[in-house]
Amino acid sequence: MCGIVGYIGAQTSSTAQEVVLSGLERLEYRGYDSAGVAVLDGECVAMRKRAGRVADLRAVLAEEPLAQSPAAIGHTRWATHGIPSDRNSHPHLSADGRVAIVHNGIIENAPQLRNDLIAQGIEFASDTDSEVIAHMLGKAVAERGDLTQAMLGVVARLEGSFAVVATYAGQPDRLVGARRNSPLVVGLGDEENFFGSDVVAFVGRTKEAMAVGQDQIVTLTAHEVTVTDFAGNQAHAEKFSVDWNLETAMHDGYPTFMDKEIHEQPSAVAETLRGRTTPDGHLKLDELRIEEYELRAIDKIIVVACGTAAYAGHVAKYAIEHWCRIPVEVELAHEFRYRDPIVTSKTLVVAISQSGETMDTLMAVRHASEQGARVLAIVNTYASTIAREADAVLYTHAGPEIAVASTKAFTAQITATYLLGLYLAQLRGNKFVDEIAGYLEELHAMPQRMEFVLEQEEQIRELARTMAEVNSVLFLGRHVGFPIALEGALKLKELAYIHAEGFAAGELKHGPIALVEDDLPIFVIAPTPRRPLLHSKVMSNIHEVIARGARAIVIAEEGDSAVDDHATAIIRVPHSTPTLMMPLVTVIPLQIFASELASVKGFDVDKPRNLAKSVTVD
Ligand code: M6R
């Protein structure tokens, strides 16, 4: 949560400020309750900061411009300590106004540090935990005369999580960053270098990047990057190239990032599948760094994830258990490490995360490793912390997901878990090569099937427009339709701010049916009629809710006429979609519906209230 950008160039110019502002605009998905920027201005640091969006900050800067500078730092905030307000916005300044910092994370010992500083006569200008860093750095740099040395002294006294970037008027040729448990990357440019919470901060200016490791300090000048550990020893930070470009981080003519990302799903799935088979039809997962004998010995899989990523795990459970006959548990990452889970060296923990930075999932990964499990990460963001700390990584190639509501990451995650399941089945001999090739063929057919559903977009949006006044929606599904019902409800809650709940359809009569009343909209995800037992059960559920006055909006296979006379509206998914592949198509109407309902209600589709894209605090 919170986005950080830093820029240092060889020249004093307006570039620094503009690079930081446009980086902040792209990072706004990480937090958007306030924003600020600081530049060097002679003997001091000057800054502008405001509650609100980066657009509000730009308006302030238009009226009160800052000086041109070789360096700038900026921040877009998701409040943890202190309400969103001008004074709590970042950057924060040292008492003498010569040091400014931006911070992402939580300083757990801030109250003690703050009391110490107050006792030394420091006056605080905000209610944040972060401001202690500015004052400590200000004092340390006054003593040591060097920002890197000062940072070394300060991080030794900080507890909690932090990615911090600092600028100091006494050394205008450098920025210094430090990282513990919060994300920070470096962009390596030509006569310019960057800090960012992720590569989106500097995408379009450089394709070369460096992942700042845990407990590392990085000193950036326009020409040089120096990395040390927290003891001051020279350290290594891994370089990587950024394959995301500016276009992938832009709206591209769609009204919102979410709409664009919904439409990018066929290609996200296709990209995630690309290059995974050998000429003789075998599945290969090159990135996996776990030995084959270890994968063969696995006797249990535990998926750890949060939110939408956890629902991808729920879908995966059906497929992996069916293909590999390995028990799969799916656990919310924040519950996992507090309940003494049974984890052995034969347990494969699969951490699913779009950002690769979700703190709860990261902590679950660490807990699993400590317990002796092998950890495999399914991650979208290259060189993210979870990707680096896991034993193995399988990347989804969905491209940057900017909208807070996860869409293309979800379908790409399901695809990646299916690749994993099929790979394990191949390795362990649960399935013959031709069977695996058959499943892969079906997976490769999914992008086209997804397009079929996307073609019904206008009908789905029209349906949403007729429901602007509803204040409760239920979602029902069985088998793989159940996690999709949960995901549909989550999308609606987070975007349209209304009561929405997903249920396993079989659970209806055990309580939830009491919620059904006249006109209540209920989305029902119908299984294919080619699974008659499952299908007939869901048909009964439809009858039960209609009999009680509900409106059934049914997502059904093409040609499934059983629903024709009962549904208020029908959204079709392509005929012959295998049951296990259904989630990749049935989720799309629910995403479109939530996006449209939010926009009809006048809400910000990409930046729903109270949320941030990447939950980097636990
Ligand atoms: O980056 P991650 O995939 O780890 O994020 C996990 C959840 O925070 C995320 O999926 C969240 O539930 C989405 N906002 C849902 O749309």
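Where in the chain is the place of K613? Select K613 in this predicted model, and you will find that residue in the segment after α18, the helix that runs over 583-600.

Next, add C2 to the selection, since the "active site" annotation in the unreviewed UniProt entry covers both C2 and K613. The two residues span 612 residues in sequence, yet no two of their C-alpha atoms are more than 9.3 Å apart, so they gather at one spot. Of these annotated residues, K613 is included in the lining of the largest cavity.

Stay with K613 and display its surroundings. With a relative accessibility of 11%, K613 counts as buried, because that value is under 20%. Leaving aside residues up to four places away in sequence, K613 touches Y29 and R30, then Q354, and then E401, I402, A403, V404, A405 and S406.

Now move to C2, which lies in the segment before β1, the strand covering 3-13. C2 is buried as well, its relative accessible area being 8%. Show its neighbours, again without residues up to four places away in sequence: C2 touches R30 and G31, the residues H75, T76, R77 and W78, then H103 and N104, and also S197. Keep R30 highlighted here, for R30 is listed among the contacts of C2 and among those of K613.

As a last stop, select the cysteine sulfurs. A search of the whole structure finds zero disulfides. C2 is accordingly in no disulfide, and the nearest cysteine sulfur to its own, that of C306, is 18 Å away. Centre the view on C306 to finish: C306 is likewise in no disulfide, and its nearest cysteine sulfur is that of C2.

Methods:
Residues are numbered from 1 along each chain as its sequence is written. This is a predicted model: local features need pLDDT of at least 70, side-chain atom pairs count only at pLDDT 80 or more; totals for chains, interfaces and linings use all residues. Side-chain values use heavy atoms; hydrogens and water are left out. UniProt positions are given in the numbering used here, feature names are shortened, and annotations may be inferred rather than shown by experiment. On a 1 Å grid over the protein atoms alone, a cavity is a set of points where a 1.4 Å probe fits but cannot get out, and a pocket is an open set with protein on both sides within 12 Å along at least five of seven lines; lining residues have an atom within 4 Å of a point. Helices (H or I, at least four residues) and strands (E, at least two) are DSSP runs, numbered from the N terminus. Buried means under 20% relative accessible area, exposed over 50%, partly exposed in between (1.4 Å probe, protein chains only). Contact means heavy atoms within 4.5 Å. A disulfide is a pair of cysteine sulfur atoms within 2.5 Å.
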